[in-house]
Amino acid sequence: MSERLGTPERPLRVAIVGAGPAGFYAAEALLKQKELACRIDFINRLPTPYGLVREGVAPDHQSIKAVTRVYDKLAAGEQLRYFGNVCFGSDLLHEDLRRLYDAIIYAVGAQSDRRMGIPGEDLPGSLPATIFVGWYNGHPDYCDLSFDLAHERVLVVGNGNVAMDVTRILVTDPDELAKTDIADHALEALRASKVCEVVMLGRRGPAQVAFTTPELKEFGELAGVDVIVDPADVALDPTSEASLADDKTAARNVALLRAYAERAPTGAPRRIVMRFLVSPVEILEADGRIAAVRLERNVLAQGPDGGLRAQGTGAFEELTCGMLLRSVGYRGVSLPGVPFNTASGTIPNVAGRVTEHGSGETVLGEYVVGWAKRGPSGVIGTNKPDSVATVAALVADIAEGLLPGATGDGDVAALLRERGVDYVSYADWKILDAHEAAHGVAQGRPRVKETRVAAMMAIIHAGRGA
């Protein structure tokens with residue numbers, strides 16, 4: 001290109017697809033480049049920003065959601081615009097972004113779930129934890145779902161923080177949840193719930209769990225809930241025991257689990273039972289829905305990579321239940337026109353630079369951050385260094401003159417208006433934000449979420465005219 005990108009005379013034009021933590025951290029990293037003039041546009045499918053901070057963080061973890069204050073400060077700057085209620089692939093196409101922007105950053109997360117691959121997995125009552133999380137958090141895609149909570153026992157497969165969240169929500173006193181921003185429809189259903197026992201199933205042992213110690217500690221602080229751990233489950237094999245010396249988090253988790261194992265049940269009305277070294281191998285039905293799960297007992301064996309892997313022993317048991325939520329990992333979904341690795345569920349990349357799947361050839365001017373880049377790992381804060389690293393690659397590419405640059409003129413706002421897309425600006429979002437917060441104040445809650453896009457847009461339209 002004849003003109004130099006990133007100068008005041010020719011600012012770098014960047015589209016960020018997705019407005020969750022990884023996207024905002026990418027925007028922050030770009031804006032911190034003192035020698036780089038840029039204009040950043042967020043393209044987001046839902047009217048509401050923040051991604052998993054709004055739609056994934058448990059409602060009883062309000063302190064984590066405070067990170068949105070940082071995002072709000074970024075959005076207040078003149079260099080950043082927000083286009084919500086805009087679907088990439090239909091409202092805006094890949095070729096539109098290539099024409100209008102010098103660089104595209106994909107920050108779309110991992111929107112689907114991994115499967116267990118066992119018989120009966122698709123029976124009614126057997127569900128991914130992802131949709132349960134979306135349901136109680138008021139995600140518009142899941143707000144009209146219903147969950148059968150008329151059974152006493154629910155099984156949760158997985159030992160990560162999402163598994164901990166859904167377990168905790170199922171046994172927490174609804175009066176406590178009523179102080180949060182949990183979706184109203186979920187609160188009503190949980191008030192009528194008959195669930196009194198949630199059994200968490202981990203295929204490996206206590207030393208290999210993926211959840212964090214604060215999450216585990218919360219279990220023991222829940223009012224009216226006993227935490228049940230079999231002492232035999234926390235008797236570690238020699239390799240696992242030795243590994244605790246080098247893994248402080250695992251050591252703390254095991255110590256806490258052993259403390260739970262020593263507690264005598266109090267007869268509390270609700271129970272969390274934590275099981276380890278078991279894998280579901282079949283979901284059994286009765287009357288066309290889930291009735292029980294067949295479990296196989298595991299032992300840990302050293303794998304080719306040196307790590308400990310779960311290995312079935314051929315010893316089985318059946319555990320009755322009314323619902324099963326699998327939380328065995330998220331995975332990404334493909335975007336129209338964008339390379340995708342179906343095996344990993346990620347956008348193929350090298351150091352955040354998008355590559356063609358198969359050939360490995362770099363797609364100049366396209367980048368990826370967050371779970372879409374590295375897979376579903378880490379916590380919200382993990383996305384910050386991840387996004388900073390991708391932006392560093394983008395800046396290096398500018399210096400090397402590798403960006404092809406936008407191929408055409410025009411503005412995305414005009415294009416969206418021309419196509420009749422009723423997009424949401426950040427000012428529009430603040431109208432909805434104020435509405436939800438005001439209703440929350442009236443009920444002694446952080447906010448009362450609107451869960452349907454039509455209702456969100458009606459509030460925004462009314463606020464625009466005010």
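Two strands pair if DSSP finds at least two bridges between them. Strands (E, at least two residues) and helices (H or I, at least four) are DSSP runs, numbered from the N terminus.

Before we start, a word on the model: it is predicted, local features need pLDDT of at least 70, side-chain atom pairs count only at pLDDT 80 or more, and totals for chains, interfaces and linings use all residues. Residues are numbered from 1 along each chain as its sequence is written, and side-chain values use heavy atoms, with hydrogens and water left out.

**Exercise 1. Lay out the open sheet and place its neighbouring helices.**

Step 1. Begin with the strand order. The open sheet has 7 strands, arranged β3-β2-β1-β4-β18-β17-β16, with mixed pairing. At its edges are β3 (80-83) and β16 (349-350), each of which pairs on one side only.

Step 2. Look at one pair within the sheet. Strand β1 (residues 12-17) runs parallel to strand β4 (residues 103-106), and 4 bridges link them. Within this pair, A15 is opposite I104 of β4.

Step 3. Add the helices, using contact in the sense of heavy atoms within 4.5 Å. Helix α1 packs on the sheet and touches β1, β2 (38-43), β3 and β4, and its direction makes about 175 degrees with that of β2. Helix α13 also packs on the sheet, where it touches β1, β4, β17 (353-355) and β18 (362-368); its direction makes about 145 degrees with that of β18.

**Exercise 2. Describe how α1 meets α13.**

Step 1. Choose the descriptors. Two packed helices are described by the angle between their axes and the distance between the axes. Axes are lines fitted to C-alpha atoms, for helices over the stretch in contact, and angles run from 0 to 180 degrees between N-to-C directions.

Step 2. Read off the values. The axes of α1 (residues 21-31) and α13 (residues 383-399) come within 8 Å, crossing at roughly 50 degrees. This makes α1 oblique to α13 (under 35 degrees is roughly parallel, over 145 roughly antiparallel, 65 to 115 roughly perpendicular, and the rest oblique).

Step 3. Assign the hand. The α1 and α13 crossing is right-handed; a crossing has this hand if the near helix is turned clockwise from the far one by less than a right angle, and is left-handed if anticlockwise.

Step 4. List the contact residues. Helix α1 contributes P21, A22, Y25, A26, E28, A29 and L30, while α13 contributes N383, K384, S387, V388 and V391. Sorted by class, the contact has 8 nonpolar, 2 polar and 2 charged residues (Ala, Val, Leu, Ile, Met, Phe, Trp, Tyr, Cys and Pro are nonpolar; Asp, Glu, Lys and Arg are charged; the others, Gly among them, are polar).

**Exercise 3. Repeat the analysis for α5 and α6.**

Step 1. Helix α5 (residues 129-136) and helix α6 (residues 161-171) have axes that come within 10 Å and cross at roughly 50 degrees. The two helices are therefore oblique to each other, and their crossing is left-handed.

Step 2. On the α5 side, A129, F132, V133 and Y136 meet V162, D165, V166, I169 and L170 of α6. This contact of α5 with α6 holds 8 nonpolar, no polar and 1 charged residue.

**Exercise 4. Which strands pair with β14 and with β10?**

Step 1. Take β14 (residues 323-326). M323 and L325 point one way, L324 and R326 the other, and all are buried (under 20% relative accessible area; over 50% is exposed and in between is partly exposed, with a 1.4 Å probe and protein chains only).

Step 2. Find the partners of β14. Strand β6 (residues 126-128) runs parallel to β14 with 3 bridges, and S126 has L324 as its bridge partner. Strand β7 (residues 153-157) is also parallel to β14, over 4 bridges, and V157 is bridged to R326.

Step 3. Turn to β10, where 5 of the 6 residues are buried. Strand β8 (residues 197-201) is parallel to β10 with 5 bridges, E197 being bridged to R271. Strand β9 (residues 225-229) likewise joins β10 in parallel through 5 bridges, and V229 is opposite M274.

**Exercise 5. Is L277 buried or exposed, and is D287 buried or exposed?**

Step 1. L277 is in the loop between β10 (270-275) and β11 (278-286). Although not a glycine, L277 has a positive phi of about 60 degrees. Its relative accessible area is 17%, so L277 is buried.

Step 2. D287 sits in the loop between β11 and β12 (289-302). D287 is not a glycine either, yet has a positive phi of about 55 degrees. With a relative accessible area of 82%, D287 is exposed.
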